Structures are given as C-alpha cells and as structure tokens.
Amino acid sequence: MERVGSVLVVGGGVGGIQASLDLADSGFKVYLIDHRPSIGGGMAQLDKTFPTCDCSLCIESPKLVEASRHPNIDVLGYTELISVEGEAGNFIAKINKKSRYVDVDICNGCGACTAKCPVKGIPSEFDEGIGERRAIYIPFSQAVPNKATIDVEHCLVFTIGRNCKGCRKACTLDAIKLDMEDEEVDLRVGAVLFATGAVPYDPSDLTQYSPEHPDVLTAMQFERLMCANGPTGGHIKRLSDGEDPKRIAFIQCVGSRTPKKDIEYCSAVCCNYATKEAIITKEHSRDVDISIFYMDYRACGKGFEEFYKRGKEEYGINYIRSRASEVYQSNGNLVVKYEDLDEAQIKEEEFDMVILSVGLSQPKRTQDLLRKIGVNLNEFGMVETVMNHPVETNVPGIFVCGTAQGPKDIPETVAQSSGAAGKIGSLLSDARNTLTVKKELPPEKDVTGEEPRIGVFVCHCGINIGGVVDVPAVVEYVKTLPNVVYAADQPYTCSDDGNKQIFDKIHEFDLNRVVVAACTPRTHEPLFQATCAEAGLNPFLFEFANIREHCSWIHMDEKELATQKAKEVVRMSVAKARLLEPLERGEIPVNQKALVIGGGISGMSAALDLAAGGFPVCLVERSGELGGLLKHVTALPRGKDPRDILNETIKKVEENDLINVYLNSEVTSVSGSVGNFTAKILSHGKEDEIDFGVAILATGGDEFKPDGYYGYDGKRVITQLELEKIIDEIEANTIVMIQCVGSREEEPPRTYCSKICCTEAVKNAIRIKERNPKTEVFILYKDVRTYGINELLYRDARDKGVIFIRYTDEQKPVVNEYVEVYDEFIGQEIKIKPDLVVLSTPMVPNEDNDAVGKMFKVPLAPSNFFLEAHVKLRPVDFATDGVYLCGLAHGPKPIDECIAQASAAAGRASIPLSAGKVIAEAIVASVDEEKCVGCGVCEDKCAYLAVSIEDGKATVNRAMCKGCGTCVTACPTGAMEQLHFKNDQILAQVKHAFAW
Amino acid sequence: MKIGDCVVAWSKDEELRKMGASGGLVTSLLVGALETELVDEVIALRKISEFEGVPIRTSDTDEAIRSAGSLHAAPINLTKFAVRFFEEHPDGAIALPVKPCDCRGIIEQAKRRKIDMDRIYLIGLNCGGTMDPITTMEMLEKMYEMDPKKIVEEEILKGKLIFKTEEEEKAISIDEVEEAGYGRRESCRYCGINIPMMADLACGNWGAGEDETFVEILTEKGLRLMKSAVDHGLIETAPAPEKGIKIREKTNSVMENVAKTWYEKVFVPIEDRSERMKYYMDAMEDCIDCEACKYVCPVCSCDESKCIGFYDPMDSHKISIYHLIRLLHLADSCIGCGQCTDVCPAEIPLTILHKRVADRIQAKYDYIPGIDMKTPPFFEVE
Amino acid sequence: MEEEWIPKITLFCCNWCSYAGSDDAGVGRKQQPPTTRTIRVMCSGRTDPAFVLAALLEGSDAVLFTGCHIGDCHYISGNYKAKKKFEMLKEVVDELGLEDERLQLQWISASEGSEFAAYINKVTEEIEAIGPSPLRQEWMK
C-alpha cells in the first residue's frame, strides 16, 4: 500500500509546533490544526518558564512565526478534527474549518476592526477570563495566524440582528464576510499526531477554596496577571480593589493528588511553576511575603532542585509542608486554613491573594474524539502508551506527544514531539519529499558594479499609517534622495496588488534595490523578499522601513512629527539599501551516516530509529555488551519485564544490517562539523576511522555507589539496584529504605534530585509486599517525588502497608544495628531493627562525559551531565549543530523518558540526514583576509565555535555560524563583517538617522 | 643558578666589557643566544650617535657586538620589530633587550597572537626614562653649555643627569632640568615600572659595581640565556652582594616615588564634565588625520582598522571618530609608552589623553596591561 | 539650530527581543514621543560601540543599547558580551564629559511593549531635562 507523505498534527501548542517543524524540515507536508484562533497553546500564555525564568513568548514566538512561514506547513487555526479513517500510511482526516467571518486570505491583522467593535468586556480566553476582549478580536499581539475572528456568541449582528457596521467600516480591505460558512475538508495523510495538550484544572467545583473570589486566581490566571502583555500590563495587583498584594499564598495540588477518582495523579509541573511565579513576584517587589502550601515538593527534573533551593534561600519564599483545606473570606482578606504537617496542627493565616496551583486535566472534547477514533485512554483520559513506545498509541499510524499522554513540562513535551516526528518520519520514510513544494525562481539578475537604482514603496496600511503619517509627503521627500529612481504610495503593500506592483516596477524601472516602508520586518520581510526573488532580484537587496509599529501607531497625536520621523526612517533604510549586497545561502552536503555513542537503551533506541529511517549507524559501546544500566533492572513500575524489552531491543539492533556495532570500543578523537565529521575509534587495540554526518551522545549513567554513607557495605546495607538483583530471594522481616542518599546535596556535583529514586523505592517496596505482605517496609524520605501517574504507586504502597517516615537534613537517620530516625509528625524518635537497609542513590553521569564533550566541543552542566542547547525548547540538541543527546547523558530520568528522548534525538538528527544537506544561514560572518591580523578575539567571542584562526587568519565555518555578529563587533580591524549588517551599512543608518 | 636568583655578571671579552655599558653583559647574552642557536635573530639598537640609534634585526654576531652600549635619547619601542620577526618567521626564535615599555608592548601583542612568548627571549633593562633627542641637544647647549656632537657618554645616577665628553663631565639634577622642560620624556617621568619583572631577565646597573650588571633571573627562558652564555664562556657571574640588592631596591623605590609625584602633577583630574569635554575636543581639534599615532602604537595589532574604516574625510567633527574609536580600543591596553605623542606632527599630547581614559578602565577592571598574560577586558568572554 | 529642539535618540534593537518589544508597543498603541530612530541588528552583541560613538558624533542626544534580558539571548550569550562592551564604553563616554543619561542600556523582552513605551517616555524626559548633547552643539558651530 502506498504511503502518503503528509501528516496531520492536531494541536498547535509548543509540542504540535515542534513536531510540525521537524516533520516539514524532514520532507513531509504538514497540516497543523488548532481549534483556537491562534497557535501557541498554553506556553504563549505563560509569563516566564522555569527554571531559568526565560520570557516564555520570547522563546516561543520565533517558532510560531517559523511554522506560519514554512512552505510545507499549513497552519489552520480555528479548525477542528472531526474524524480519522483509514490505516497507517494512508488516512482520511475530516476537518472543519470554522468560520471566522473574516477572510483570512485578505485580513492582514492590522486590528482596526477590533478598535471599532462596540461590544466590550467579553472575558478573554487568552487572559483566562481576567482580561477583556471584543466581539471581533485577535487573541494577542503576536498571534499566529495574525487574523481577526468574530465571536458570534457576542457579535451584535449575530446575537440581536442589529446592523452594526463597526468592523466592516473599519476594514478598508473588505475582509469581513458575514455570510461565511464553516467548511469541511478531507485531508489525505500518512499519519496523525495528537498534540492536543492538557488544560488547567477548572477549580470552580472546589468551593472550599472560594474559587469565585476575585483575589483567588488559578496559577494560569496569575501568569496572565504577571505578564507584560496581560490585562494589567504586568502589574501584580488585586482584582478586587486594585491594591498591591503584600501577602500571597500558593496552594498546591488543587485538582491533583486528591482522593477524587479522576484526579488522583500528580500533575508534575505545579511545584516548579509555583516557585517560578513566586520568584517572579519577588522580583517585581521584594517586600511581598509568599507562602507555598505543599505536601511534597517535587523538583523532579534538570535544575529544578537547585531552583527550589534558590526560591527558599535567595528569595525567602516560605514553603509550608501542609494540607490546605479551606480558603475563606474575612474582613476583605482571605484566610487559608491548613494542617501543618511538620507540627501536626491546624492553623490559619491571612493573605491578600491566593493562587491555586491547579493541575493539568484532559479536555473532555479531546477525550471524546480520541475514543471515537479508537485510541485507548487511561482512567484519567490520557492517551495510553507503553513504557518502550511512549509516543505510539494503540492505533498504528496514530501518535501522541506532550501532555495529552500525561502531565509533563515543556522540555519533555518538546522531546516527545521531536520523538513522535522521528517515528512518523521512519514510518513514512518512502514518501519523504513526495508532497513538499519547492518554488522555482527565475535566474537572478547580476547587479555587481551597477549604480544603485532604488524603488521605494510606502504603504498607507489603510488608515493605520495613512491616518497619522502624511504618506504622499513621505513619497515626495523620498524622491529627493540620491539613487531613488522610483517612489510611490500604496493602500496595502502586502496585498496581492501591492506585491504585483513591486514586481512590475522592478522590471519597468530596472530596480536593483527595493525598500518597503510599512509595518514590521519581523512578520512581513519574507513576503517582500519573496516578491523580489520572483522578479529576479536577490532577496537580500530588499530593505524594510517600519513606519507603523514604530511610528504611526505610537505617535497618533503628533502627525507632523510622525511624518518627519517617517521620512527619516525611510531615509535610513534607503541609505542602507544603497549599500546592500546580494547574498547566497550556502549548502553544505551531509554525509548520510550517523554515529551513536553508548549502547544502552537510549543509544540502541536512537540507532534503531535512525536505521528505520534508512540511515546507516555506527553504534559505539565502551563495554563488551549492549544493554547499559537497564541490564540491572528487574521490574518496571508498569508494564513489561524490562529484561524482555532489553533483549528484544538488543536482538533488533544485532539483526539490523544498517547498524554497525562496535563493542569494547571508544571514540578517541573527532574532527569536522555538521554534515562531515570524522572520528577515530579505538577498538580492540586498533584504530578505525569513520565518517558521519551527525552524532548522538547517549553516554548513559550509573548508580552512585554510596561508600561512606550509612555504613554501606553491599551486604546488609545495599543500593536499590543491588536490591533489584536479589529482590526475589530475600528473606527479611524488616526492610528500611533511605531516600536521597548522595543526592540533593549542598555542593556540586550532586545537588540535583535524581528524579527516579522515589518511584524506584516505592516500586520495590510494593514488590516486597506483594511477595510477602508480612515484611515490614519503611521508607525514610525528604519528599516523596512520585510525580505524574506514579502517584498511584505511592498510594498503592501506602495501602499495602509500606510506612513512610519523613526526615530532614538537620536530623538525618542513623544506621547502626538499629535505624534511628526522628519523626516530626509524631514528635519522637523511632527505632527500627532492619534485616536490610536499602539506600536510594542518584544516577551519576558517565565519567567519560568530560572527554566526549571536549571532542565534540559541547558543554557539561556542573553536575557533569551534558548541557543541552536550550533547557526548554531544545532538550536534545546541542548549540553545536549536528550533535544531539538523549537519555541519562542529559540527566536522570525513567526509561520511557529516555526512549522518548532517544526518538527525539534520532528525529532531530534525521532532519539533516534526510535532506542530505544543511542550508547555511545567509546572514553570516565573513572575513576580509587582507585586513585580518589573526588576533583571535573573534574566536574567543563565538558561542557556536564557528570561528577559528587558521594560518594566522580568521576563518568562519558557514555551517556553524548563526549570524549574530558578535565577533564582528569584537574585531578591531574591521576584517570581520556580518553580511547584510555590514559596518558601512549600519554606519549609513547611523549617519542618516536624523535629518537636520 | 636558578630562577629567582640575583647575580652580578659581566662579559669575559675585555673589549666588550669596556665598550658596552655595565660590563657588556647584554651584548654577550645576545651573542650567546645566537652562537648557541637558542635564537635565529636578535634585535639591538645600533648606535649612530648618542642621540640616534637604529634598531637592527640580525643573525650576525659581529653586528650584535657593534650594537653594544646604552642610549638614553633613543626612545624607540621595539615591540613592532618583534612582531615583524614573527610575521616573517612564525616558527623562529628571537632575543632582544627590552625596556619595561617594550616588554609590556610585547606581552600585549602576544595576547593578540602576534608574538609567541615561548620563543622570544626578553632581556629586560632597568629604565629610569628616556629622552627625546632634539630637546636633549637643545638642553645640552642651553643648560650644560656643551656641544652635543662631542658627547660620548651619558647616564642617570643618584637623581642627576650626567653627560661626558672626552674632556669633561657635567651633572645637573633631573628635577632641575625637568622643571626647565627638558630631561626625560613626559611619559617616562610618570612611568612607575622601572624594573622589568615581566621579562626573562631584569638587568641594570642599580646595585652593580663598576663594569658589571646586576641580573635577576625571572624565568626558565632567562635561566637558559644565562646558562648558555656561561657554558659558552661568554660571561662570568657572581652572586649579587646583599648591599647591591638593597641599593637596587632603594633606587627603584626612589624612582617609583618620583613617578608618583609626576603622575599627580600631570593627571590633575578635571572634575567638571563640560570642561572635560572641552579639554578633549580642544586637544584633538588640531589632528591632521595622518594616522601616525596608530602605526607607531606598540599595543595596536591592526593594520587597516575600524578606527580608519569608520572615518570619513567629509566628517567635520572637532574630535574625529578615528580618535574616539582609538580611545575606546586602547582603553584596556594602553601602556602609556609615549610613542604616539612622540610622533604626532600636530603635537597633540595623545599619550596623556589616552592614558586619562585608559586609567579609568584599567582601574575599573583591575587590569594592568603588559605585566602578565591576563586576558584584556575587551577580549573577555564570560 | 532648529526652531524647536526635541531630543534625538538613536536606538539599537536586537531582532528577537527589543525590536519585537518595540513592535509590541506599537500593536498595543502605547504612545511615545517621536524622538527615537531605530537601528535593527540581529543581536545586541552586534551593537558595536563604534556605532554608538558615531551616533553621538552625528548629533544624537542619546544612544540606547537594548536587547534580550540576560539569559534570554537568541544567540546564547550575545547580550552578555554586549553588556561587557557597554560598560567599557560607558566609562569612556563619561570620561569624555557626556552625561550619564546619554548612553543607556535596557533589556526588553518581546512581550514588554508597555515597558518599552514607558522606557522611551522616561528617556525622552531625561534628555529634555538636560538639553541637547554638548557634542552636537560643538558640531553645529
């Protein structure tokens, strides 16, 4: 059966966007649909992200724009999936493009309609109901697609039939079509990916927390309140009276970890987002007192434990271990009633504001749809997957990623998305590049040596610019500038007419430079560049002048000065345009082979995924056998025996002709860059040289051997992995497990939480209890971190009689013949006489990481795990192109997350492999060798290691240069130039900024 | 001998011992470095008169011998000669005598990868300052009433500037001649780095007896230089006497204090902003754009550069972008050597202008250029 | 000189954050005085201090260095390097006698349109208070 080279991605949050980009970049046509008017999902609503407090929209927005501009991604907002039929490789997906009553092909998102809509005060969905919008609206200023939508529930035309013409008059483009109808479309696709996400739990039924009170907000509402583009412009104030709050409470586990059947699980992200929101609030104003009421603080993830510690120590946030039972109103303030778990007392405290850290829940409509399609869901409505196939549903060809599969944070979502994209790529590998488009362009006109002939097009943008700036006067002024041979005004330059005029005038006046004075280059530059290219002009001979966002819209009452400014802004652009040079995007051929370092489950999974996509792989393993750390694990929290998974995987690797396994081998040196690496491999005393285009570092980890901790001897005091080995044979009456042994320490390298030990201990405790219910099992812990649905195991363990006792760093347990531990809850010392003590020790990174990192020029975190390119959005990439990471090499994590990362790394690596080339940036640094004196400042400044000094001269590796221009600034001689932002080009702008 | 030792040393060649200053040691070390093939070339100042010296790069020992003798009125910085050597011989090795400011220039160039510190032997010379030849000749006529052409030797001793002809010897205190506007170059007066502790050897007559040189061995390379000259029978050494060490220390601290006093006199802070601006503008206004200050600068590693590239002759600013960029680019690395002032045909006090800016930056970043291999703040990444 | 003087402020914006923040101010119609002229660079690390000096010489009453917040740089650490350069430049400009307000650094994120507008308003007021740049006055003579 023929496979179709297109994919439907359902859900335009960060997961769906990442998967779409990965798929489109590896040769597939993508339909990205979202039922909301804009893509971006929950991440677009966040103010910042933990644990780095990066601005959320700043890092997500470039992805939105990239998706919307991608020639092989159709972004369909306001569109719903109705049904999916067919089989893997060949589905028919029926979608409904809901009517926006605005023609998206005409609307240019100028927003004039919104301003004229008389219906105000509609709670904005984007602002979680605490901000307002109108009946015709664009959800937020960076919305993609940036198109207006009419909300028929509120529009006067639709609700009361009034002939309101507010928006229709405002829209000079005539984009508003009140007779528009929904449109059903059948899409033929090879695979479907559900990136439908989860939504914040709606607390309205939890009346004990007074959710209706204006100063009781959900965490997501609080994000909007903190955010600069939110309803208060980032001013944190009480919605009841506008006062600045002085005392804020966060109540954790609202809508998760509760006895209520459908929300028993832990939502995995709330502890960390609460700390983030608390820290940002503290950064807004240091004198706000913040208390976080929590049960167990779950900092499970890279850098989270350290983040938690910063919240406590640097920001003075009060973490109160408690169960908050009630929030009630008293004298205009809010009182939180809680049980203090450390002091075993009921207490009350007054606050100005209460934030409910609500969990993640599965939207009902998505659940219904998934069930209809035949996708299995678990009891919480999450898509069910198995341990070793974390992104595959029970229906072949239908995949899942992100929070639809269970609660998780952004990097895990992104990893799953890239993983799913990789899996889909393998499934449809025969159909790669069958449905993608590539535009044919006319030959480029040679402009070398020609005197600049500049055409300038000044846009009215309806009244958006023309209503403030005297556009004809600008045109007249521009005509007086040197080298300008044509200048004209246009109603809408971005319209088809406008573009056609540019195209025609390029020919008519033999223009060799084009300037458009209109809106922002950040959204519209590619459009006009494309028009230039279609007219045979190199796209880099185009220059923008922003006279809307940076002029007419912000100087509405100063028309004369705005006109003067517009003239000068255009003058600057003309001055730069005069000096523009044509640029080329270089292509670097890619050797379509991969190197994977590490033969554990992560490395093997990555190798198998790559091989499934048709790419040869060298898999290098230091030890004498495949399997890695998983060899020592005898059971998983859920599902199959890990030994079966492992054996099955090893067999597949060994039988795969495309995978060349090097055992007892190590990589001793690496040279080259993305597309063309060479490595030496030392194998059985002899050196082999291999060439490859990309590399995946899956160097794995090991269990920390706790020598010197709690009398560890490997006999009576053992580790969890040692327990795994003997668990089916032990005869013991009493077993004590101690958590956090050698992790969460004060000083690096092991300040981190190892993420899996709580689940591991609970799992093993249950196994012991199941084998012999009479065995007493005690778990001494600091916080029980059974995040996600592992929470159910925790409950199960307690039901089975496992006894949990909390200890603190101040009073650690003492292990002798007896184990002594102080139990705060009952306020006394407890003495246990165990037959066996099991220490839960952290995963530690491979000791080779340092050497491997140096060879590939990739960095390590203080913990000695590898440091990825971006903790949120690029979890399996390095800043160095062509090198990826996965599994324990990245940080401690359970097997399903390792496998998801492995698929992600393979998926990411497949992008250059399948393309057979990488397109270098056009705007890169370049060196004038005549001027270069080889001083090397540029080399030191480059964050991407793209610049090196060879034979006394700087050399730029185009494949690695990202074009930031930092080296150009550093260069004292002016030998280093950033193309398109050359020194003389910027200097020309400087000199023409103000007309005297 | 070992690193850290202080010795006195002299040339075993009687003629050299007479001809060269302080026992001809430096010349012997240069000869030794060539003869033992420690280096390919040496740089020396060939004396044309007491007021004129020409730096030569040579691999010929006779040529090196002919360069013996000390010059106080030849204020040339040798940094760029060393740079040229490495441009021509990237894998070669070279030895040269260096004043502290030569040495600082060389170290700054090494940071800019223009010089290989492992293959340059720096024979440091104590320096109390150098004089400008033209003004010195004028001074001789006016204050010393001596014929400059007849001068055969000059030296600075105990705060006095001494000139000798075949017939006579006259001494006037440095303070006196400098009060009169003669004496050492302005940049030397306030320079407090007199003993080149960043070189491989620190040589000088402070604390040494007649016809011998006091040497402190500072590095492995310095030790190698000394040893090979001893092994080759070129020089003789003896431990430096305690008294000599004390004298050297004392002389140094006297010179440091003199420098400090001068510094305070020259660099009177200009507190008022507008006066400061006027000061710089008025000073720079006379610039004729000859770019000589850039080409002579020992810490600038550029040939063609941004300061020139950004300048447009059509600009008519009182202070040009050329100077502004140079003020910025040299802010972390200016060593105040005075070369730019020396060459400026418009007589702009460039060194003082640069140093006013640079001292602020260097204090802010706690960075002293040219004394160690610490990265300049301008280069720093993290 | 012109009949009525208004401050002339040259503004360097990085493509990813502060330029986007300025766009966001426009989309939100956050009114600002028409005193700024924006030069877009890919990264604040590209803002060469030499451009700033040139802008001051050319008569700008103030120059603003802007970019992504520390930690948010699209190019890992360009803004950090920009900050280093800025600090050094600041010292030089101060030594030359220009007032503190005439050279400023501000991190602005893509969603901080309101902050951006508030900042431009604030800087304009500051420059109005201290008057035209003395460098410019010299040049005009």
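Which helix of chain B holds B:Y280? In this predicted model, B:Y280 sits in helix α11 of chain B, the run covering residues 273-284. Is B:Y280 buried or exposed? With a relative accessible area of just 1%, B:Y280 counts as buried, because the cut-off for that label is under 20%. Setting aside the neighbours within four places in sequence, the residues in contact with B:Y280 come from two chains: B:I319, B:L353, B:R356 and B:V357 on the chain B side, plus C:E95 and C:L96 from chain C. B:C103, by contrast, is a long way off: 177 residues separate B:C103 from B:Y280 in sequence, and their C-alpha atoms lie 29 Å apart in space.

Turning to the interfaces, chain C and chain A bury about 4,900 Å² between them, with carbon and sulfur atoms giving 60% of that area. On the chain C side, C:R29, C:R37 and C:R46 lose the most area to chain A, and together these three arginines make up 15% of what that side buries. The contact draws on 60 residues of chain C and 59 residues of chain A. Two salt bridges cross this interface. One of the arginines just named, C:R37, pairs up with A:E568 in a salt bridge whose closest N and O atoms are 2.7 Å apart. Polar contacts add up to 24 residue pairs, both partners being at pLDDT 80 or more. Several elements of chain C supply at least two residues each to the side touching chain A, among them strands β1 (9-14) and β2 (36-41) and helices α1 (18-27) and α3 (78-95). Helix α1 of chain C gives the most, with eight residues. Sorted by class, that side has 23 nonpolar, 20 polar and 17 charged residues.

What about chain B and chain A? Here the buried area is about 1,600 Å², and carbon and sulfur atoms account for 50% of it. A trio of residues stands out: B:R113, B:K306 and B:F310 provide 37% of the area chain B buries against chain A, more than any other three residues. Chain B puts 18 residues into the contact, and chain A puts in 20 residues. Four salt bridges link chain B with chain A. In one between A:K931 and B:E304, the N to O distance is 4.0 Å. Nine residue pairs are in polar contact across this interface, again with both at pLDDT 80 or more. The chain B side that touches chain A comprises 10 charged, five nonpolar and three polar residues.

Definitions and conventions
Residues numbered from 1 in each chain as written. Chains lettered and ligands numbered in written order. Predicted model: local features only at pLDDT ≥ 70, side-chain atom pairs only at ≥ 80, totals over all residues. Heavy atoms only, no water. Contact = heavy atoms within 4.5 Å. Buried area = accessible area lost by both parts, 1.4 Å probe. Salt bridge = Lys/Arg side-chain N within 4 Å of Asp/Glu carboxyl O. Polar contact = N/O pair within 3.5 Å; in protein donor to acceptor, adjacent residues only side chain to side chain. Nonpolar A, V, L, I, M, F, W, Y, C, P; charged D, E, K, R; others polar. Helix = DSSP H or I, 4+ residues; strand = E, 2+ residues; numbered from the N terminus. Buried < 20%, exposed > 50% of the residue type's maximum accessible area, 1.4 Å probe, protein only.
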